[in-house]
Amino acid sequence: MAPLIPARRPGLSYCKGVILPEIGDAAGAARTPNLTPGRIGPRVDLTMANESDGHANHLLVIVPCLDEENTVGDVVRNVPTEIPGVGRTEVIVIDDGSSDATAERAREAGATVIENGSNRGLGWSFRKGVEVALARGADVLVNIDGDGQFDPADIRRLVKAVLEDGAHMATASRFLNPELTPQMPAIKRWGNHRVARIVWLLTGERFRDVSCGFRAFSSEALLRLNLFGSFTHTQEAFLDLAFKELRILEVPMKVRGTREFGESRIAASIPRYAARSLKIMVRAFASYRPFVFLSAIASVFLVLGLGLLTFLATHYLNSGSFSPHIWSGFVGGSFMLLGLSTLTLGIIGEVLVRIRMNQERILYFLKRTSWERARSEVDRSEGEPS
Ligand SMILES: Nc1nc2c(ncn2[C@@H]2O[C@H](COP(=O)(O)OP(=O)(O)OP(=O)(O)O)[C@@H](O)[C@H]2O)c(=O)[nH]1
Ligand SMILES: [Mg+2]
């Protein structure tokens, strides 16, 4: 196995565990065309380096599907088989209780099919795909929709961003290059824009497209991802990896803005989509920055409470009596109490985040051990040195 800490090489700067070209390093810049690196911060964690130890990389492509019989076959057939740096490619269609012939079309096209039996949701299916990827010792996971909106040939560009340019996650970006921006429903743009802002507020990194499903993940990202949502995964995964300061690259890409067949499975109901997006945003703040989130709410209570108590004190100083505004003392006091309790909850929330992060670290090492075992079994079965 490769050492976790790569040897230093001149002309490259080391950051967040990946090797980035230094400013003025023209050769390095040429290696990362059309990519927008995230913040290049001072925090260094060399254990987060993507693995590259000469072993033939195993690429797993997952295609989550709900009733995509018209398009899934072409998606599977067009997954490129020759990708630089990739030794083995496997395509798995996750059929989430489709009522049409999605599974048959996928098998005919050569994919392995996992059938969930009933509709468990896109987020659930993606988590399943991540589990399968780790259990099979995959080095890179690509998620592509089964509705034909993305060109499978572009998988090469996403995989290159991971294997050659050091991305932990490379995501197709529909908005980075305005010339490539497709026509799409306003609600989806709004949802994307709001979550992009939250990522910016939480991490200081600015991304344009945080909700595109066409992505590649390094094994490091897969080991660190911990998702809970069942409905979708795109925004939650982005927030999780951005918060953990993994390196995310946007790869500008031309995609179909709307599907060719049927209606969006995800954004069919606008109120439902908006409610889900809002829930993701509130949950993101509550889970990653509870103190900031709750102290913003607490400050409203505290200002109201302080205002009412000041009013009562002024009245008392002027008249020598609390009457007839004694109510403002009770109401103001209650607001103060509410504010202080909310602030305390924020402090407790912050402690819980630390505990969760520690648990995630432990989980990371457990997952990593079994992923390494699976990876060396694959190498052994293919007769390669592990
Ligand atoms: N496994 C699984 N896949 C789903 C589910 N809902 C949607 N999908 C798949 O997830 C991918 C994205 O869903 P879409 O409905 O295309 O969502 P979208 O791309 O945001 O919306 P459009 O632009 O209108 O297509 C497609 O391949 C769907 O078949 C689900 O409940 N479970
Ligand atoms: Mg779609």
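1. Let me start with the helix pair that caught my eye in this predicted model. The axes of α6 (residues 186–203) and α9 (residues 270–288) come within 10 Å and cross at roughly 5 degrees. The two helices are therefore roughly parallel to each other. On the α6 side the contact involves I187, G191, R194, V195, I198 and L202, and these meet I270, Y273, A274, S277, I280, M281, A284 and Y288 of α9. Sorted by class, that contact has 11 nonpolar, 2 polar and 1 charged residues.

2. Y288, one of the α9 residues in that contact, also has a sequence-distant companion worth a look. R354 is 66 residues away from Y288 in sequence, yet their C-alpha atoms are 9.7 Å apart. R354 belongs to helix α11 (residues 326–381). With 9 other C-beta atoms within 10 Å, R354 is exposed.

3. Stepping back to the whole chain, you will find 11 helices and 9 strands. Of the 386 residues, 39% are buried. Taking contacts between residues at least 6 apart in sequence, 74% join residues at least 24 apart.

4. Now to the sheet, which is open and has 7 strands in the order β5-β4-β3-β6-β8-β7-β9, with mixed pairing. β5 (112–115) and β9 (248–252) stand at the edges with a single partner strand each, so one side of each has no neighbour in the sheet. On average, neighbouring strands are turned by 20 degrees against each other, direction ignored. Helix α4 (residues 122–135) packs on this sheet, where it touches β3, β4, β5 and β6, and its direction makes about 160 degrees with that of β3.

5. The mixed pairing is nicely illustrated by two strand pairs. β3 and β4 (residues 86–95) run parallel and are joined by 9 bridges; here L59 stands opposite T89. β6 (residues 140–143) and β8 (residues 215–218), in contrast, run antiparallel with 4 bridges, and L141 has F217 as its bridge partner.

6. How many residues of β3 (residues 57–65) are buried? The count is 9 of the 9, so the strand is largely enclosed by the rest of the structure. Both of its faces are covered: N57, L59, V61, V63 and C65 are buried on one side, and H58, L60, I62 and P64 on the other.

7. Some of those β3 residues reappear in the largest nonpolar core, which has 68 residues. The members touching the most others are V61, V63, V140, L141, V142, L158 and V159. Take V142 as a worked case: beyond its neighbours within four places in sequence, V142 contacts L59, V61, I155, L158, V159 and A216. In soluble globular proteins, nonpolar side chains tend to be buried together.

8. Finally, a few backbone details to inspect. Most residues other than glycine have a negative phi, and most peptide bonds are trans. D67, in the loop between β3 and α2 (72–77), has a positive phi of about 55 degrees without being a glycine. E245, in the loop between α8 (234–243) and β9, is another non-glycine with a positive phi, about 60 degrees. D67 has 20 C-beta neighbours inside 10 Å and so counts as buried, whereas E245 has 19 and counts as partly exposed; a residue needs 20 or more to be called buried. There is also a cis peptide bond between S323 and P324, with omega about 5 degrees; P324 sits in the loop between α10 (290–319) and α11.

How values were computed. Residues are numbered from 1 along each chain as its sequence is written. Chains are lettered from A and ligands numbered from 1 in the order in which they are written. This is a predicted model: local features need pLDDT of at least 70, side-chain atom pairs count only at pLDDT 80 or more; totals for chains, interfaces and linings use all residues. A residue is buried if 20 or more other C-beta atoms lie within 10 Å of its own, exposed if 12 or fewer, and partly exposed in between; C-beta atoms are placed from the backbone. Two residues are in contact if their C-beta atoms, placed from the backbone, lie within 7 Å. A nonpolar core is a set of buried Ala, Val, Leu, Ile, Met, Phe, Trp, Tyr and Cys residues joined through C-beta atoms within 7 Å. Axes are lines fitted to C-alpha atoms, for helices over the stretch in contact, and angles run from 0 to 180 degrees between N-to-C directions. Angles under 35 degrees count as roughly parallel, over 145 as roughly antiparallel, 65 to 115 as roughly perpendicular and the rest as oblique. Ala, Val, Leu, Ile, Met, Phe, Trp, Tyr, Cys and Pro count as nonpolar, Asp, Glu, Lys and Arg as charged, and the others, Gly among them, as polar. Two strands pair if DSSP finds at least two bridges between them.
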